[in-house]
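Here is a short report on one protein chain. It goes from the overall fold to single residues.

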Amino acid sequence: MAGARSGASSYQTADVPFYTLESFGAIGDGVTDDAAAIQACHDAILANGHGGLIVPQNRTYIVNTPISFTAPGIRILGAGWDQANFIYGTVFKAGASIAQIFNVGSGAEGFELQGCSLNGNGTCTSAVLTCDALNSRLLNNHIRRPGTGA
């Protein structure tokens, strides 16, 4: 695709590149720590100035280090979840005792998380997601086992 950055996918529309975690080395097998790949994807979006992240269905991304989002306008689009059948299509799961899975800083204005399940695995010490960014949207997500509250 002309003009697409490395890692950009065919989801690019209106000059907004969308990336996939797999293009940054994420496995999504529910065992491998994918935090570095998720952070690398964010860093690519930050370098580009804006962008989105498409995360496929039936994947569980383990996060052993909190992911810090600082780029404005990041959109994370998951596969959604089926509430009636308890099927969590795209899952970000804490794999270790961490403060939170996602930390959305004040510079990440317009952050959007849609169609994902955040599973604190009972180990997050504060919350599964903290957000200080203005104009952020959390749409059709599922929060599971937020944490210890310690």
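The report below covers the fold, the strand pairing, the core, the aromatic rings and selected residues.

## Basis of the model

This is a predicted model: local features need pLDDT of at least 70, side-chain atom pairs count only at pLDDT 80 or more, and totals for chains, interfaces and linings use all residues. Residues are numbered from 1 along each chain as its sequence is written, and side-chain values use heavy atoms, with hydrogens and water left out.

## Overall fold

The protein chain has one helix and 15 strands. Helices (H or I, at least four residues) and strands (E, at least two) are DSSP runs, numbered from the N terminus.

The chain has 150 residues, and 39% of them are buried. Buried means under 20% relative accessible area, exposed means over 50%, and partly exposed lies in between (1.4 Å probe, protein chains only). The exposed surface is about 6900 Å², with 50% supplied by carbon and sulfur atoms. Accessible areas come from the Shrake-Rupley method with a 1.4 Å probe; for residues, only the protein chains shown count as cover.

Consider contacts with a separation of 6 or more: residues 24 or more positions apart account for 74% of them. A contact means heavy atoms within 4.5 Å.

## Strand pairing

Strand β6 (residues 74–77) runs parallel to strand β3 (residues 51–54), and four bridges join them. One of the partnerships is Ile-54 with Leu-77 in β6. Strands pair if DSSP finds at least two bridges between them.

β6 also runs parallel to strand β11 (residues 112–114), through three bridges. Here Arg-75 stands opposite Glu-112 in β11.

## The nonpolar core

The largest nonpolar core has 33 residues. Such a core is a set of buried Ala, Val, Leu, Ile, Met, Phe, Trp, Tyr and Cys residues joined through side-chain atoms within 4.5 Å. Leu-21, Ile-76, Phe-92, Ile-101 and Phe-102 touch the most other members. Two or more residues come from each of α1 (35–48), β4 (59–63), β5 (67–69), β6, β9 (90–94) and β10 (102–104). Helix α1 gives the largest share, six residues.

What does Leu-21 touch, leaving aside residues up to four places away in sequence? Its contacts are Ala-26, Ala-37, Ile-38, Cys-41, Leu-53, Ile-54, Val-55, Tyr-61 and Phe-92.

## Aromatic rings

Five aromatic pairs are found in the whole structure. Rings of Phe, Tyr and Trp (its six-membered ring) pair if their centres lie within 6.5 Å; planes under 30 degrees apart count as stacked, over 60 as edge-to-face and the rest as tilted. Phe-69 and Phe-102 have ring centres 5.1 Å apart and planes at 80°, so this pair is edge-to-face. The pair links distant parts of the chain: Phe-69 is in strand β5 and Phe-102 is in strand β10, 33 residues apart.

Both rings belong to buried residues. Phe-69 has 2% relative accessibility, and Phe-102 has 0%. One aromatic cluster is formed by Tyr-61, Phe-69, Phe-92, Phe-102 and Phe-111.

## Val-63 and Thr-32

Val-63 sits in strand β4. At 0% relative accessibility, Val-63 is buried. Leaving out residues up to four places away in sequence, Val-63 touches Asp-33, Ala-35, Ile-38, Lys-93, Ala-94, Gly-95, Ala-96, Ile-98 and Ile-101. The C-alpha atoms of Val-63 and Ser-97 are 9.9 Å apart, with these positions 34 residues apart along the chain.

Thr-32 lies in strand β2 (residues 29–33). Thr-32 is partly exposed, at 31% relative accessibility. With residues up to four places away in sequence not counted, Thr-32 touches Ile-27 and Ile-62. The C-alpha atoms of Thr-32 and Gly-95 are separated by 9.1 Å, though the two are 63 residues apart along the chain.

## Cysteines and backbone

How many disulfides does the structure hold? It holds zero. A disulfide is a pair of cysteine sulfur atoms within 2.5 Å. Cys-124 is buried at 1% relative accessibility, whereas Cys-131 is partly exposed at 34%.

Asn-121 is not a glycine, yet its phi is positive, about 55°. Asn-121 is in the loop between β12 (117–119) and β13 (129–131). Its relative accessible area is 21%, so Asn-121 is partly exposed. Asn-135 also has a positive phi, near 55°. Asn-135 is in the loop between β13 and β14 (137–139). Asn-135 is exposed, with a relative accessible area of 56%.
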